[in-house]
Amino acid sequence: MTLRKIAGLGALLSLVMPGLALAEEAAAPALNSGDTAWMLTSTALVLFMTIPGLALFYGGMVRSKNVLSVMMQCFAITGLISILWVIYGYSMAFDTTGMEKGVLNFNSFVGGFSKAFLSGVTPANLTSATALFPEAVFITFQMTFAIITPALIVGAFAERMKFSAMLVFMGIWFTLVYAPIAHMVWSGDGALLWDWGVLDFAGGTVVHINAGIAGLVCCLVLGKRKGYPTTPMAPHNLGYTLMGAAMLWIGWFGFNAGSAAAANGTAGMAMLVTQIATAAAAMGWMFAEWIFHGKPSALGIASGVVAGLVAITPAAGTVGPMGALVIGLASGVICYFCATTLKRKLGYDDSLDAFGVHGVGGIIGAILTGVFAAPALGGFGAVTDIGAQVWVQAKGVIFTVVYTAIVTYLILKVLDVVMGLRVNEEEESVGLDLAQHNERGYNL
């Protein structure tokens with residue numbers, strides 16, 4: 001090659017290379033400020049659901065001598081799970097090392113530890129090659145889900161569990177139950193329930209069935225409150241409960257619409273169907289109570305609101321408005337009977353209806369997602385065979401119920417032997433505020 005040709009080639013490369021560099025830079029994923037802003041907002045909304053939303057919702061339903069204990073449990077769980085999430089929880093739930101679509105192995109059930117202590121997370125990290133917001137935001141968003149799930153269980157054993165036992169139980173339960181279930185449902189190709197095709201947009205299985213079944217096991221293992229059901233145990237401040245329910249309703253838009261992981265059409269539809277289902281469930285519970293009990297109650301409509309929010313959660317990204325209406329009505333009416341008639345007949349003391357609302361509502365929503373995600377019924381999912389998808393949803397529900405019930409039971413029984421789960425009768429009579437925290441909710 002002559003010197004003239006070499007020089008010509010060099011000149012050509014000098015012209016082409018900047019263009020190639022620019023093309024490569026353009027192809028790299030770039031942060032989208034709108035999506036990032038929405039995910040930051042959604043994260044704050046979901047945290048708002050636990051503190052103060054759930055703390056007030058539960059706090060108002062207990063007797064005045066236990067109001068601080070319930071609120072304290074919600075705050076302590078928020079702190080505990082935040083720490084465990086960054087140490088190993090995020091990695092256990094979302095590390096995809098060793099996973100391959102259609103291949104069943106250990107990592108199909110739980111993630112590894114490559115992200116332990118948030119190793120490698122920097123401000124520049126995006127969640128994936130196609131994500132448009134920082135991984136740090138995704139970590140915090142998912143942290144808020146991990147926080148509220150064990151906090152929901154508090155409603156089942158309120159007014160009788162030792163604070164120390166509660167803390168240890170929640171830490172172990174988060175590790176052995178929440179993180180694995182979240183991984184199996186949400187971590188992508190190679191995860192067990194993901195590969196089955198289970199549809200769970202925002203946590204019907206991961207959050208609500210998980211917490212509801214754990215709550216039922218807790219109240220059965222701990223036993224009934226002293227005096228239940230003969231002693232009146234009316235909620236001491238339904239104003240708190242209504243305020244808490246309102247905060248949950250508002251915060252749930254972050255829960256569901258935020259699960260779209262973008263400010264897009266899916267988020268918009270998730271917001272719409274969340275509002276529709278919640279309103280329908282509130283009316284369904286209210287009218288069911290009005291017909292069968294004689295009067296509509298504030299506690300009833302607040303419970304109906306939460307039942308609707310729970311049921312639409314797994315379906316929010318795939319169902320249309322009319323599907324949401326049916327899901328909401330079904331959850332409101334069915335949860336009403338489960339939290340009243342069924343609980344009385346079976347005799348278990350689910351103090352604040354964690355199972356009756358979250359467990360049952362989650363199951364209703366998960367199953368009906370398989371029906372109303374179908375485009376033939378106004379949905380937006382890729383469901384062509386409704387019967388087949390309902391069976392997949394049922395398999396996901398059954399697996400979660402069995403796994404959560406067995407592991408929760410084993411944790412509780414071991415802790416009962418090691419440190420005891422329940423306060424003594426004198427402490428229960430005095431109230432957990434004084435007995436466990438040496439404080440009163442009200443000093444008159």
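Helices here are DSSP runs of H or I with at least four residues, and they are numbered from the N terminus. With that in mind, let's start the tour. You are looking at a predicted model, in which local features need pLDDT of at least 70, side-chain atom pairs count only at pLDDT 80 or more, and totals for chains, interfaces and linings use all residues. Residues are numbered from 1 along each chain as its sequence is written, and side-chain values use heavy atoms, with hydrogens and water left out.

**Stop 1: arginine 63**

Select arginine 63, in the loop between helix 2 (33-61) and helix 3 (67-94). Is this residue buried or exposed? Arginine 63 is buried, with a relative accessible area of 16%; buried means under 20%, exposed over 50%, and partly exposed in between, using a 1.4 Å probe and protein chains only. Now show what surrounds it, taking contact to mean heavy atoms within 4.5 Å. Leaving aside neighbours within four places in sequence, arginine 63 is in contact with Glu159, Arg225, Met233, Ala234 and His236. For a sense of scale, draw a distance to phenylalanine 133, 70 residues apart from arginine 63 along the chain: the two C-alpha atoms are separated by 44 Å.

**Stop 2: helix 4**

Glu159 from that contact list leads to the next stop. Glutamate 159 follows helix 4 and has a positive phi, near 80°. Select helix 4 itself, residues 135-157. Its 23 residues reach 35 Å from the first C-alpha to the last, close to the 33 Å expected at 1.5 Å a residue; the expected span is 1.5 Å times one less than the number of residues. Helix 4 is largely enclosed by the rest of the structure, because 21 of its 23 residues are buried.

**Stop 3: the nonpolar core**

Next, colour Tyr58, Trp85, Phe169 and Tyr178. Of the 121 residues in the largest nonpolar core, these four touch the most other members. Such a core is a set of buried Ala, Val, Leu, Ile, Met, Phe, Trp, Tyr and Cys residues joined through side-chain atoms within 4.5 Å. Zoom in on phenylalanine 169: beyond its neighbours within four places in sequence, it is in contact with Ile153, Met161, Cys218, Thr408, Ile411, Leu412 and Leu415.

**Stop 4: aromatic rings**

How many aromatic pairs does the structure hold? There are 20. Rings of Phe, Tyr and Trp (its six-membered ring) pair if their centres lie within 6.5 Å; planes under 30 degrees apart count as stacked, over 60 as edge-to-face and the rest as tilted. Select tryptophan 285 and tyrosine 336, an edge-to-face pair at 5.7 Å centre to centre, with 75° between the planes. Tryptophan 285 lies in helix 9 (residues 265-293) and tyrosine 336 in helix 11, so the pair ties together parts that are 51 residues apart in sequence. Both partners count as buried: tryptophan 285 at 4% relative accessibility and tyrosine 336 at 7%. Then highlight Trp85, Tyr88, Tyr90, Phe94, Phe138, Phe174 and Tyr178, which ring pairs link into a cluster.

**Stop 5: two cysteines**

Move on to cysteine 335 and cysteine 338. The structure holds 0 disulfides, a disulfide being a pair of cysteine sulfur atoms within 2.5 Å. Why is there no bond between these two? The sulfur of cysteine 338 is 6.3 Å from that of cysteine 335, its closest cysteine sulfur, which is too far for a bond. Cysteine 335 is buried at 0% relative accessible area, and cysteine 338 is buried at 14%.

**Stop 6: glycine 396 and a charge over a ring**

Find glycine 396 in helix 13 (residues 386-418). Glycine 396 is buried, with a relative accessible area of 0%. Outside its neighbours within four places in sequence, it is in contact with Leu193, Trp196, Val198 and Thr205. Keep tryptophan 196 on screen and add lysine 395, whose charged end sits over the tryptophan ring, 4.8 Å from its centre. That description applies if NZ of Lys or CZ of Arg is within 6 Å of the ring centre and within 35 degrees of the ring normal.

**Stop 7: helix 10 and threonine 318**

Finish with helix 10, where 12 of the 15 residues are buried, so this helix is largely enclosed by the rest of the structure. The cover over its buried residues includes helix 2, helix 7 (204-222), helix 8 (238-257), helix 9, helix 11 and helix 12 (354-372). Threonine 318 is in the loop between helix 10 (298-312) and helix 11 (321-346), and is buried at 13%.

Key. Helix = DSSP H or I, 4+ residues; strand = E, 2+ residues; numbered from the N terminus.
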